[in-house]
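Grab your viewer and work through a few exercises. Each one has a task, then a solution in steps.

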Amino acid sequence: MKGDASSLASAQFVIGTAGHVDHGKSTLVRALTGIDPDRLREEKERGLTIELGFAWLSLPSGREVGVVDVPGHERFIKNMLAGAGGVDLALLVIAADEGPMPQTREHLAILDLLDVPAGIAVITKSDLVEPDYLELVEAEVAETLVGSRLEGAPVVSLSALSGEGLGALLVAIDAALDRTPPKRDLGRPRLPIDRAFSIQGFGTVVTGTLLDGALEAGTEVELHPGGRRARIRGLQRHRTSVSRLEPGTRAAVNLSGIRTHDIARGMVLALPGSIAPARVLDVYLQAAATLSHPLAHGAGVTVLCATAETEARLRLLDSAALARGHNAWAQLVLDTPIAAIRGDHCVVRTPNETAAGGRIIAINAKRRRRDHAPTLAVLERLRAGSPEEHLLDLLLSGPVAPAALPALLGEEPAAIEGVVQAALVAGTVVETAAGLASTVWLQAAVGRARAVLEDYLGQNPLRSGVPREHLRGAINLPLSAFDAVVAYGRALDQLEERPGGLVAPAAHSPRPSASQQAECDRFVSALRAGGFSPPTGPLPDPAVLAYLSEQRLVEDTGAGVIFEAGVFAAMVVRLREHLATHPTISLAETRDLFSTSRKYAQAFLEHLDALHLTRRTGDLRTLR
Ligand code: GDP
């Protein structure tokens with residue numbers, strides 16, 4: 001099935017080459033594209049071009065595809081990885097006169113580890129052998145592919161010198177790409193940088209394969225790790241300046257506001273705040289088909305992911321060693337952080353060989369227990385689970401804004417929409433002010449909040465609740481998530497909010513000890529006995545006083561005068577009666593009304609002003 005012209009024009013694909021040294025990869029790229037990768041390299045060195053190591057070709061369908069060329073063996077792995085999520089089709093190149101070689105098999109094994117979606121076996125130098133012999137090589141190549149991802153892939157023979165068979169290869173590439181889905185667009189672009197250099201008159205330029213979203217000129221970007229900011233001055237694709245690049249494109253990005261020596265291969269360019277560096281990777285590792293020495297738990301290894309490379313410690317979670325033909329759960333503890341995300345592929349190398357590879361299942365997880373069935377079950381669900389399970393697992397660490405889900409789950413927004421709706425209907429997920437939250441997480445957070453409240457109120461039995469900020473600090477949540485938890489706890493009738501910014505377990509009331517109760521009773525009786533002129537000292541313990549105020553057993557004017565609550569209420573009634581027959585009342589009149597001293601009258605009146613019961617004008621008060 002062929003796409004229409006517009007989707008052909010917009011879908012971006014990248015092809016990579018693999019195969020034994022001298023089997024004709026560069027010659028093939030030159031023949032296909034008319035672009036000499038060596039000349040590009042030279043031009044770059046002379047500062048003439050900002051593209052390097054990749055060319056592009058036009059297919060019979062009209063598609064233009066980028067080609068990553070791969071000189072040298074070590075570079076092969078890095079270039080394949082540079083295209084991780086970027087290389088859509090691998091051309092496995094085998095020279096007719098030599099047939100499959102050890103390196104052919106190793107590259108094939110690596111294509112497997114990287115899950116490269118499609119491949120074509122290309123037998124080059126067909127002009128060097130007789131047709132009968134060529135048939136034998138074709139059979140041997142098909143045999144070599146058995147058991148690999150390329151099993152059953154097309155085998156095309158050609159001569160890059162005479163051009164015979166090149167047309168058939170172009171048709172085969174087109175057919176393979178017809179079946180390749182367009183690059184995912186998660187609305188969160190990232191560009192793993194494979195090269196950074198400066199060009200006179202332009203300044204800093206980085207190149208890489210754009211993943212997961214589009215980039216536009218003028219956009220502010222961030223480089224990870226490190227988080228340095230820069231701005232996109234210009235974009236180039238296939239040596240043409242453009243204002244926008246779609247995901248999947250081999251891109252050259254001209255940056256302003258950053259120096260070339262602040263950028264290194266392996267960094268990732270992304271929108272500000274959209275990516276966090278990873279220090280720990282949980283990976284389901286597959287041993288390379290060519291692995292010769294088993295990988296042991298605790299080994300120091302090199303991890304390659306996209307264009308990044310770092311030393312790491314290998315922790316095998318379900319075995320002591322990983323041997324050829326096996327898989328293992330592993331946690332890779334990286335020496336330096338890399339900007340990888342869940343779903344990315346990584347490759348593990350020892351000094352001698354490419355040992356294993358696999359997909360990253362989780363990032364920055366806690367230190368996992370080894371040989372622990374529940375841990376392995378969680379990992380297995382993360383690996384094989386449905387999108388619903390991934391959503392619920394993700395939300396187990398807290399609410400997430402719906403707009404952030406595509407990037408976190410590695411799924412297209414349209415696919416996530418349905419999953420979220422189903423979870424909302426099922427009641428496993430609810431919408432909160434902080435975003436989507438799992439009810440399991442909310443219940444657990446309410447439980448933690450209750451534990452903190454009970455602990456605090458156990459130590460402070462006279463308090464009717466706990467200040468919100470104290471509780472939020474104790475359960476360590478951002479404000480929006482905290483609000484969502486309190487609201488959920490209230491809806492469940494487990495939490496209550498109290499005046500004064502307090503949170504309490506539902507139905508909580510303060511419980512003074514016997515001695516505190518005695519102190520309360522003594523103090524309140526003394527105040528009551530004092531009537532309109534209550535004693536002003538000695539005061540009870542501040543916690544006891546706060547409790548008495550909160551319980552409305554006393555009225556604290558805040559001016560050193562505390563009335564018993566019943567006395568205070570009677571005073572207010574008497575003042576109202578007075579003002580029913582007089583327009584105003586003065587301080588002296590108040591003093592006389594209660595046969596008290598000026599100190600008490602003044603504290604009483606000022607407290608009424610503060611309570612907005614009276615209004616003061618000069619020395620006179622009126623009712624509000
Ligand atoms: P690479 O190391 O895989 O990139 O191999 P190269 O492209 O550098 O080719 C290695 C050698 O094989 C060069 O001398 C090429 O000229 C030669 N070569 C490549 N393709 C063909 C072909 O189709 N026919 C013949 N006769 N020679 C070829």
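**Exercise 1.** Keep in mind that this is a predicted model. Find what the buried residues of helix H16 pack against, then work out why they line one face of the helix.

*Solution.* Start with the neighbours: the buried residues of H16 pack against helix H15 (514-530), strand S29 (554-556) and strand S30 (562-564). Next, pick out the residues themselves. Taking buried as under 20% relative accessible area, you get Val544, Leu545, Tyr547 and Leu548 in H16 (residues 542-550). Now look down the axis of H16: these buried residues fall within an arc of 160°, so they line one face of the helix.

**Exercise 2.** Check both ends of H16: which side-chain oxygen reaches the backbone nitrogen of Ala543, and which residue just after H16 takes a positive phi?

*Solution.* At the start of the helix, a side-chain oxygen of Asp541 comes to within 3.1 Å of that Ala543 nitrogen. Just past the other end, Arg552 has a positive phi of about 60°.

**Exercise 3.** Trace the barrel: how many strands close it, and in what order?

*Solution.* Go round and you'll count 6 strands, in the order S16-S21-S19-S18-S22-S23, with antiparallel pairing. On average, neighbouring strands of this sheet are turned by 40° against each other, direction ignored. Zoom in on one pair: S19 (residues 308-316) and S21 (residues 327-338) are joined by 5 bridges, and Leu316 has Ala330 in S21 as its bridge partner.

**Exercise 4.** Which strands does helix H5 lie across, and which does helix H8 lie across?

*Solution.* H5 (residues 102-113) lies across S16 (278-287), S22 (345-349) and S23 (354-363), at about 10° to S23. H8 (residues 373-384) lies across S16, S21 and S23, and runs at about 90° to S23.

Key. Residues numbered from 1 in each chain as written. Predicted model: local features only at pLDDT ≥ 70, side-chain atom pairs only at ≥ 80, totals over all residues. Heavy atoms only, no water. Pairing = 2+ DSSP bridges. Helix = DSSP H or I, 4+ residues; strand = E, 2+ residues; numbered from the N terminus. Axes fitted to C-alpha atoms, helices over the stretch in contact; angles between N-to-C directions. Contact = heavy atoms within 4.5 Å. Buried < 20%, exposed > 50% of the residue type's maximum accessible area, 1.4 Å probe, protein only. Arc of directions from axis to C-beta. Polar contact = N/O pair within 3.5 Å; in protein donor to acceptor, adjacent residues only side chain to side chain.
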